[in-house]
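User: I'm new to reading protein structures and would love some help. Could you take one spot, look at it closely, and then walk me outward from there?

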Amino acid sequence: MRLNKITLAILLSVSSMYSFAQEHYPVKGKIENVKNEAVGMAAIQIYKVGATELLDEVFANEDGSFEIPDLEDGSYRLVITEFGYKQSVTIAEVKGGELILDKIVLETAPTETIELKGAFVRADVSQYRNEIDKRVVEVGNDLVSAGATAAQVLNNIPSVNVDQQTGQLSLRGNENVKIFIDGKPSSLSAAQVLKQIPSNQIKSIEIITNPSAKYEADGKSGIINIIMIKGKKKGYNVALNTGYEQGKRSRFNNSLTANINTGSFNFFGNYSYNKRPNEFHGYLDNFDTKRRQAIDILNKDENQAAKFGFDWFINDKTALTVYTNQWFGKGAGEIGSDIRETDTNILHPNAAIFDGDWKSQDYSLNFKRDFDKPDHNIILDAFFSQSKNTDLRNMINTYPTDQVFYEDRDDKTDNIRINLDYTNQIKDGGKIEAGLQFRRQKNDNTLLTDRRVNIEGTIIDPSTNFDFTRDFFSAYVNYGQKFGKFGMQLGLRAEQFKDKGDYFYNNGVGSIKNDKLDFFPSAFLTYDVTEKGQVLLNYSRRIDRPGIDQLSPVAEWSTPMITSIGNPNLRPEYTDNFEVGFLQRLGKNTITANAFYRIVKDNIFRNVQVDEKDREKFIQNYENYDKVNAYGFELSFNLVPTKWWSSNISGDYTFNTMVVKRLDANDNPYTQEIDANRLTARMSNTFKVSKAISLQHFFMYQGKFRFIQGEMQDMWRMDLGARYTFMDGKASLSARVSDIFRTFYGRLEMTDPARGYGNFRWEAQTLNIGFTYNFGGKVRSRAEAQQNKAENSGGGVGF
């Protein structure tokens with residue numbers, strides 16, 4: 001330890017002597033607007049010309065004057081930002097003395113997403129842009145005002161759907177999509193995560209429909225990465241958000257985001273609390289058995305989430321980021337699943353009282369080392385998460401027989417991942433990306449019950465235990481290069497996975513073992529048709545390995561008529577994804593169009609079949625399709641017709657041909673082919689009434705679509721909102737009414753395994769009121785130097 005201190009002292013001394021040996025000169029200037037009025041407190045960021053590392057940052061005085069006291073000879077790029085003005089870039093040539101710059105004039109501009117005096121200021125309108133392997137939505141106030149949670153925000157983004165009943169996320173009509181938070185998975189389910197994240201904590205959303213070899217190969221529909229707001233501005237910065245939502249029940253959400261940046265260290269954190277009781281009502285008629293099952297759910301959700309950590313900018317080329325997420329949630333309520341005999345009108349009451357809670361912790365460490373030239377770095381990323389979910393249910397059934405019993409479900413999950421990534425931009429050549437990864441997913445799933453089931457004269461205890469571990473060993477390499485108007489990126493990923501599972505079920509035992517090496521190529525081609533127009537052509541091979549919940553023989557949920565259960569015999573499904581896209585910018589307007597085609601082998605799907613032990617009951621499980629061919633089209637217009645009106649109009653259409661091998665009533669095999677399609681359209685408008693007031697309008701239509709058991713009918717909704725900004729943009733008040741005409745509800749027509757009809761309603765019509773206040777200030781009179789712009793510190797997927 002003594003040697004380390006001596007060594008550190010010597011290094012600091014040498015560094016000090018080196019710095020004193022350099023000549024440093026001041027740069028002075030003044031910032032005004034077009035009316036020759038001083039612009040005080042504007043932020044001036046200093047970069048070396050040709051570099052991306054932030055060297056220093058100062059703030060203008062109240063009279064608009066500023067001084068950068070210590071700069072060596074050389075060329076510098078000064079980036080000036082202030083709320084309500086266009087960003088300005090000035091080049092300063094420092095050589096042998098004091099430099100007095102000409103007056104810097106800022107032009108008035110529409111609100112943009114910037115960090116103002118330490119407070120995060122969000123754009124009025126969400127911005128959409130295309131990158132070589134993803135689409136990025138910079139979340140504006142129009143999407144934030146769309147709802148209180150991430151689930152409601154995502155449902156307003158083109159090609160994304162969130163099931164209002166189950167919280168299931170789908171992309172391009174397919175549920176096999178991976179969700180990440182700041183580039184990393186969560187040990188909680190997607191439905192739980194989306195309900196817990198407040199909408200005002202979301203900075204941007206990345207839609208990666210055709211991931212390159214750099215990304216994990218799981219998820220045939222791609223990856224949705226939610227990037228959270230993390231304060232990085234120097235000084236202290238605080239954002240307060242509170243919201244109230246009224247449906248059939250009252251709901252509340254509150255959050256606090258803060259950071260303190262002293263130059264070498266940036267400490268950040270946020271905390272949110274949500275209380276979201278909700279109701280769900282529906283019924284399902286079985287025309288064959290003449291039974292109607294009503295479904296009435298009262299769920300009293302309450303959860304808390306906290307994130308805190310720090311960035312340590314060790315020097316201008318080295319940074320370390322450490323943080324943790326802590327999630328806590330409680331759910332209690334009642335489930336009514338009464339059965340009515342429609343031919344005799346006899347009612348059989350059934351009820352369940354549930355009480356559960358979940359806890360999850362994520363821990364992340366990210367170390368980045370930049371080398372001398374741009375885009376040349378190495379990143380070590382380590383991540384660990386752990387969750388525990390408990391669910392205790394007391395059941396009182398009168399159908400088909402009188403039963404009183406309990407079910408106690410416990411689910412424990414551990415995730416570990418370690419990534420090592422290397423990037424090198426070759427001079428006058430291409431860009432190389434390579435990396436290694438280890439992942440482990442471990443799950444222990446248990447069901448304890450005092451219920452007993454009589455099967456052919458044998459009394460069965462349905463208590464179940466399922467212990468499952470999945471390991472991954474991965475390596476990838478990408479090479480990309482630009483040749484004039486033509487750009488390309490080619491990649492290959494190798495993944496070996498090992499599954500090991502043991503389960504005890506119905507007085508029997510079983511096991512799962514898999515060990516396989518797979519290769520996943522990817523290719524991305526771009527061509528610049530014009531300066532503002534681009535064509536993209538992409539290909540990737542993907543895999544969907546059955547999830548732990550899909551494999552587990554532990555019943556996920558059950559009612560007197562339906563039981564949902566996993567299938568330990570599921571096979572992985574493989575997908576070849578092809579995509580072509582077009583992007584055209586016309587001034588402030590953007591038009592994007594995409595078409596995709598998927599070939600899926602052994603597609604995993606959710607199936608409903610008659611329970612052979614009781615023909616009046618059904619079992620919902622998972623099976624493999626033989627083959628699926630899917631294609632679709634997407635069209636999006638991001639328009640700014642006038643200074644006071646902006647609009648986003650989008651539509652997507654998907655078509656699936658499913659080939660299924662089945663058995664008839666006499667156990668004879670036959671092949672069934674089903675065609676299914678879905679049309680979804682969205683339109684979002686923002687009207688700027690004044691500098692402080694804006695109005696918002698949203699419309700969504702989801703067309704009918706077929707699936708293996710029947711057809712979902714179409715539904716639509718319209719929302720209206722308003723927003724008032726005051727206190728120089730630091731505070732805002734918003735209000736929104738969702739589903740004004742109460743038209744957003746589900747209708748289902750069943751054809752297999754029985755004829756039937758279902759109707760399902762949730763609390764789609766709500767009133768949302770939100771308040772936001774941002775404030776901040778300086779920690780010191782001038783910022784400290786040498787902050788590394790850490791690409792992975794604020795989010796983004798990098799494996």
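Analyst: Happy to! Let's start with T680, a residue in strand β43, which runs over residues 669-688. One thing to keep in mind from the start is that this is a predicted model.

Is T680 buried or exposed? Its relative accessible area is 0%. Buried means under 20%, so T680 counts as buried. Now look at what surrounds it. Leaving out residues up to four places away in sequence, T680 touches N161, S650, G651, D652, M700, Y701 and Q702. You can also compare T680 with W716: the two are 36 residues apart along the chain, and their C-alpha atoms are separated by 9.5 Å.

Still with residue numbers in this part of the sequence, find R678 and F705. The charged end of R678 sits over the ring of F705, 3.7 Å from the ring's centre. There is a further case of this kind at F354, where R393 lies over the face of the ring, at 5.5 Å from its centre.

Let's step back to the whole protein for a moment. It has five helices and 51 strands. How much of it is buried? Of its 799 residues, 53% count as buried, and T680 is one of the buried residues. Contacts with a separation of 6 or more positions are worth a look too: residues 24 or more positions apart account for 64% of them. On the outside, the accessible surface comes to about 36100 Å², and 56% of that belongs to carbon and sulfur atoms.

Here is another threonine to set beside T680. T257 lies in strand β19, residues 250-261. With a relative accessible area of 8%, T257 is buried. Its contacts, again not counting residues up to four places away in sequence, are Q201, I229, N237, V238, A239, G269 and N270.

Next comes strand β20, which is where F268 is placed. F268 has 6% relative accessibility and therefore counts as buried. Its C-alpha atom is separated from that of K307 by 8.1 Å, and the two residues are 39 apart along the chain.

Now for the aromatic rings. How many aromatic pairs does the structure hold? There are 24. In one of them, the rings of Y724 and F726 have their centres 5.1 Å apart, with planes at 20 degrees, so the pair is stacked. The cut-off behind that word is an angle under 30 degrees between the planes. Y724 is partly exposed, at 40% relative accessible area, and F726 is partly exposed as well, at 24%. Elsewhere, ring pairs link F265, F267, F310 and W312 into a cluster.

W312 gives us a path to the surface, as it also belongs to a nonpolar patch there. The other members are I314, L365, F367, L380, I416, I418, L420 and L436. Together, the patch residues have about 710 Å² of accessible area. Which elements give two or more residues to it? They are β21 (291-315), β25 (350-370) and β27 (403-425). The biggest giver is β27, with three residues. To pick out one member, L365 is in strand β25. Its relative accessibility is 35%, so L365 counts as partly exposed.

Finally, let's look at two backbone details. Most residues other than glycine have a negative phi. Against that background, K290 is worth finding: it is not a glycine, yet its phi is positive, at about 55 degrees. K290 sits in the loop between β20 (265-286) and β21, and is partly exposed with a relative accessible area of 39%. D739 is another residue that is not a glycine but has a positive phi, here about 50 degrees. D739 is found in the loop between β48 (731-738) and β49 (746-750). Is D739 buried or exposed? With a relative accessible area of 3%, D739 is buried.

To retrace the walk, return to T680 in β43, then visit the stacked rings of Y724 and F726, and finish at the nonpolar patch, where β27 gives the most residues.

Technical notes:
Residues are numbered from 1 along each chain as its sequence is written. This is a predicted model: local features need pLDDT of at least 70, side-chain atom pairs count only at pLDDT 80 or more; totals for chains, interfaces and linings use all residues. Side-chain values use heavy atoms; hydrogens and water are left out. Patches are made of residues with over 30% relative accessible area and no salt bridge: like charges are joined within 9 Å, nonpolar side chains (Val, Leu, Ile, Met, Phe, Trp, Tyr) within 5 Å. Accessible areas come from the Shrake-Rupley method with a 1.4 Å probe; for residues, only the protein chains shown count as cover. A salt bridge is a side-chain nitrogen of Lys or Arg within 4 Å of a carboxyl oxygen of Asp or Glu. Helices (H or I, at least four residues) and strands (E, at least two) are DSSP runs, numbered from the N terminus. Buried means under 20% relative accessible area, exposed over 50%, partly exposed in between (1.4 Å probe, protein chains only). Rings of Phe, Tyr and Trp (its six-membered ring) pair if their centres lie within 6.5 Å; planes under 30 degrees apart count as stacked, over 60 as edge-to-face and the rest as tilted. A charge sits over a ring if NZ of Lys or CZ of Arg is within 6 Å of the ring centre and within 35 degrees of the ring normal. Contact means heavy atoms within 4.5 Å.
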